[in-house]
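Here are my notebook entries from an afternoon of looking things up, one topic at a time. Come and read along.

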Amino acid sequence: MIDRYKLLYLFLCVVPFFNIITLHFSLVVVLALTALFVLLNLVIFKTQSVQKRYIYYLFISLILLIFLIMSELHSLLAVNISNFQAIRFFGLFIPISIFLIFMYEPKIIISRYLARILVVYIFIFSFSISIDFFILHSALDISLQPMYREEDLSYMSRPFGITGQPSVNSVLLVFFYAFWLSLENKNVQYKFRLLFLVTLGVFLQGSGSGFIAYAMLLVCMQKNMNIFFKLLLLSCVGGGIVWIITSYDFLDKVSYDYISAISYVFYSQINDWLDLVDKSFYSFFMLGGISSNIDFGPLYIISNVGFIYFISFILLFIYLIIISHNHFERMSIYILLVGNLHYPVIFYMTMVFILPIFIFKVIANTNSEKEIYQSAARSL
């Protein structure tokens, strides 16, 4: 008999490569593989009883689905164009969440396989960046990078990585490590090996968002370290930063000029989107349907699926912060939210499947309303 959790583990190990499959074949192939996985589960396995602690999340998921349906109806009525592609991008994690809740016991996923999955993801993301960096700085043709796209001229000087987007690669790499640190059943001997891979990936990727996420991770990590390891970590990181500064344009990625330029891009994109909305601003602001450019994460979400969905999604993350029981969980959320200010890292392909499990992990440690109130008090 096939073990359902091993099947899920194998499927999740393939998920990071969905971006490559989509680029070289079609998104239809990825959707077909996902549908096949879902159907295989429904045919072979029985559904699980839903624990009370996840009822709130199911209720929130249904509310988010209703807002997405409202966005689709608004697009059909206001501009006579379907908004399905945007809805799929920003909302696919919702049916995946519902499917996992009814087919799997979240605590078993977390206790048996989550640590291994995150280690696999850290290896895949870091090695993909390293391999592409080697291709980029060797005599090899840069088009050998699996996620290479000729039209992405601004990415030609940096590795494309496993997602094809530098900021997404490095922010998610840091997120996976922070998420791994939040687990109780992790193999601690991997701690500094994985940190090396994360550090290598972030610095070779050269993304400003990645550097910010990495700095947030270091601040979080030093909280539970003794003075010896703090000094050791600071020495290693300091040496690495000095080397990077002397070799690459690291300071340019966190400089005032760079931040000012990014702010100007965000401001320009807001104005460009406002010019596109030539009908009712309020309806498009609330329900979306006319997309802005992708560089400004919050605007990209609002323009596609509306402010109502955006604020509801943010409230879900605030709820997770309140009920979270350790600072690595909270830092994982902060890393995603800060990373999402530039590109919508939360909604990229791999996160469609990992975000629900992350949410389950936070909720799994909450057993009663009393604990929620206690966690809220600690968060304030």
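**Entry 1: two helices that pack**

I started with helix 5 (residues 84-91) and helix 15 (residues 297-305) in this predicted model. I found that they pack at an angle of about 130°, and their axes are 9 Å apart. That angle makes helix 5 oblique to helix 15, because angles over 145 degrees would be needed for roughly antiparallel and 65 to 115 for roughly perpendicular. I also noted the handedness: helix 5 passes helix 15 in a left-handed crossing.

Next I asked myself which residues make the contact. From helix 5 I wrote down Ala86, Ile87, Phe89 and Phe90, and from helix 15 Tyr300, Ile301, Asn304 and Val305. Sorting the residues of this contact by type, I got 7 nonpolar, 1 polar and no charged.

**Entry 2: salt bridges**

How many salt bridges does a search of the whole structure find? My search turned up 2. As a reminder to myself, side chains of opposite charge can pair when their charged atoms come close.

One salt bridge joins the side chains of Asp152 and Arg149, at 2.8 Å from N to O. I checked how accessible each partner is. Asp152 has a relative accessible area of 16%, so I list Asp152 as buried, the cut-off being under 20%. Arg149 comes out at 26%, so I list Arg149 as partly exposed.

I then turned to the side chains of Lys361 and Glu329, which meet in a salt bridge at 2.6 Å, N to O. Lys361 sits in helix 18 (residues 349-364) and Glu329 in helix 17 (residues 327-339), so this pair ties together parts that are 32 residues apart in sequence. Are these partners buried or exposed? Lys361 is buried, with 5% relative accessible area, and Glu329 is buried too, at 0%.

**Entry 3: Ile110 and its neighbours**

Lys361 came up again when I looked at Ile110, since Lys361 is one of the residues that Ile110 touches. Ile110 belongs to helix 7 (residues 106-136). With a relative accessibility of 11%, Ile110 counts as buried.

What does Ile110 touch, once I leave out residues up to four places away in sequence? My list reads Leu183, Asn185, Phe360, Lys361 and Ala364.

I also looked up how far Ile110 is from Ile357. In sequence they are 247 residues apart, yet in space their C-alpha atoms are 7.7 Å apart.

Methods:
Residues are numbered from 1 along each chain as its sequence is written. This is a predicted model: local features need pLDDT of at least 70, side-chain atom pairs count only at pLDDT 80 or more; totals for chains, interfaces and linings use all residues. Side-chain values use heavy atoms; hydrogens and water are left out. Axes are lines fitted to C-alpha atoms, for helices over the stretch in contact, and angles run from 0 to 180 degrees between N-to-C directions. Helices (H or I, at least four residues) and strands (E, at least two) are DSSP runs, numbered from the N terminus. Angles under 35 degrees count as roughly parallel, over 145 as roughly antiparallel, 65 to 115 as roughly perpendicular and the rest as oblique. A crossing is left-handed if the near helix is turned anticlockwise from the far one by less than a right angle, and right-handed if clockwise. Contact means heavy atoms within 4.5 Å. Ala, Val, Leu, Ile, Met, Phe, Trp, Tyr, Cys and Pro count as nonpolar, Asp, Glu, Lys and Arg as charged, and the others, Gly among them, as polar. A salt bridge is a side-chain nitrogen of Lys or Arg within 4 Å of a carboxyl oxygen of Asp or Glu. Buried means under 20% relative accessible area, exposed over 50%, partly exposed in between (1.4 Å probe, protein chains only).
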